[in-house]
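Hi,

Here is the structure I promised to pass on. Have a look at it first, then read my notes below.

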Amino acid sequence: AKAEGRGRHRFFSRALHEAILARQSLQTELRQAFERREFSLVYQPKVNLWTREVLGAEALLRWVRPDGRAVSPMDFIPLAEESGLIVPLGAWVLETACAQSRAWAQQCGHDVPVSVNISPLQFTDPGFLATVQRCLQGSGLSPRLLELELTESMLMADLERVQQTLGALRALGVCVSIDDFGTGYSSLSYLRAFPVNTLKIDRSFLKTLPDDAQALAVVEAVVALGRSLNLGVIAEGVETPEQARSLLNLDCAAMQGYLFARPMPPAELLTWLRDWRAQ
Ligand code: C2E
Ligand code: CA
Ligand code: CA
Ligand code: CA
């Protein structure tokens, strides 16, 4: 029995060892991918369906490996956070998105605000504000055309520090939105304490619209909250005309989702913008 136990122990530690090796090799691969410039950004427009105004475009990171296989950000972003690679990778995203917004404005003659997802590790990195400033200065982009998408859980971390960082971003003139709103903490008191601009209703609340009374109530509540705190509200993940219609009925005209456009490369977005305005 003793020998069997030892055998099992050896088996488990080998499995563990292999798991660690597999993760290490993915980490190495990710770092190499960054050095080899295998990352790119696609952009998904945000629109106001009442006014038909284009509110901006959200930058979304893509990794296509040399063999053509795409890896989802849901899979590689947690890994990049674990290894700290997210800090330089996130800085590259910011820099590229700012330059892109500037390029679009020159190409189409009007402003195209850009939104960038920020990961928790980036936000708490001591160099974060300097990076934002450097990207703005480097691109010449007006700060009001840059929006940072943060998540609720990030704001719950270290109250004073979060307040300080958000205050500094506001002083810079950069916009801040709360992504996946409604999926995080239920305490709403922080909303009053923090200078943010927009609430992004998570798409899980839209999936069952228009027939789900509870989902309708949630959207209605967020719209009311936004109005009373003087914050913008946008719904993400809008896929069907029925969803769009019920959002309009609830006075939520700002939307983003496959119904309007999939995330796309920068040149395609220019064409999309032209078509949208011509309609
Ligand atoms: P997210 O910020 O909530 O982004 C929205 C996700 O929903 C995107 O997935 C987008 O492609 C997808 N989406 C947009 N419209 C629809 C729709 O109508 N229906 C459905 N079913 N999905 C829709 P994606 O691009 O795979 O990104 C997944 C997540 O990865 C993002 O969620 C974000 O948390 C993270 N991510 C992506 N790019 C970056 C980045 O540059 N930095 C950081 N830190 N995170 C990123
Ligand atoms: Ca987002
Ligand atoms: Ca989201
Ligand atoms: Ca999400």
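Let's start with helix 11, where Leu 269, Trp 272, Leu 273 and Trp 276 are buried. Viewed down the helix axis, those buried residues fall within an arc of 105 degrees, so they line one face of the helix. The general reason is handy to remember: an α-helix has 3.6 residues a turn, so residues three or four places apart point the same way. On the other side of helix 11 you'll find Ala 267, Arg 274 and Ala 278, which are exposed. And what covers the buried residues? The cover includes strand 1 (39–48), strand 2 (54–64) and helix 3 (86–108). Helix 11 itself runs over residues 266–278, and its 13 residues reach 19 Å from first C-alpha to last, close to the expected 18 Å. Keep in mind that this is a predicted model.

Next, the metal. The calcium ion (ligand 3) is coordinated by Asp 179, Asp 180 and Glu 236, at 2.3 to 2.4 Å, and Glu 236 is listed twice through OE. Along the sequence, the donor residues follow the spacing D-D-x55-E. Asp 179 also bridges to another calcium ion (ligand 2), and the two ions lie 3.9 Å apart. Asp 179 is buried, with a relative accessible area of 7%, whereas Asp 180 counts as partly exposed at 26%.

Now the salt bridges. Side chains of opposite charge can pair when their charged atoms come close. How many salt bridges does a search of the whole structure find? It finds nine. Here are some pairs to look up:

- Arg 65 pairs with Glu 29, with the closest N and O atoms 2.5 Å apart. This links the loop between strand 2 and strand 3 to helix 1, across 36 residues. Arg 65 is buried at 13% relative accessibility, while Glu 29 is partly exposed at 27%.
- Arg 134 pairs with Glu 95, the closest N and O atoms being 3.7 Å apart. Here helix 5 is linked to helix 3, with the two residues 39 apart in the chain.
- Arg 144 meets Asp 111 at 3.3 Å, N to O. Both sit in loops, so the pair ties together parts that are 33 residues apart in sequence. Arg 144 is exposed, at 51%, and Asp 111 is partly exposed, at 38%.

There is also a network of salt bridges that links Lys 46, Glu 58, Glu 147, Glu 149, Lys 200 and Glu 236. You've met Glu 236 already, as a donor to the calcium ion (ligand 3).

Cheers

Terms used: Residues are numbered from 1 along each chain as its sequence is written. Chains are lettered from A and ligands numbered from 1 in the order in which they are written. This is a predicted model: local features need pLDDT of at least 70, side-chain atom pairs count only at pLDDT 80 or more; totals for chains, interfaces and linings use all residues. Side-chain values use heavy atoms; hydrogens and water are left out. Helices (H or I, at least four residues) and strands (E, at least two) are DSSP runs, numbered from the N terminus. The expected span of a helix is 1.5 Å times one less than its number of residues. Buried means under 20% relative accessible area, exposed over 50%, partly exposed in between (1.4 Å probe, protein chains only). The arc is that of the directions from the helix axis to the C-beta atoms. Contact means heavy atoms within 4.5 Å. Donors are N, O and S atoms within 2.8 Å of the metal (3.2 Å for Na, K and Ca); water is not among the atoms, so sites may look incomplete. A salt bridge is a side-chain nitrogen of Lys or Arg within 4 Å of a carboxyl oxygen of Asp or Glu.
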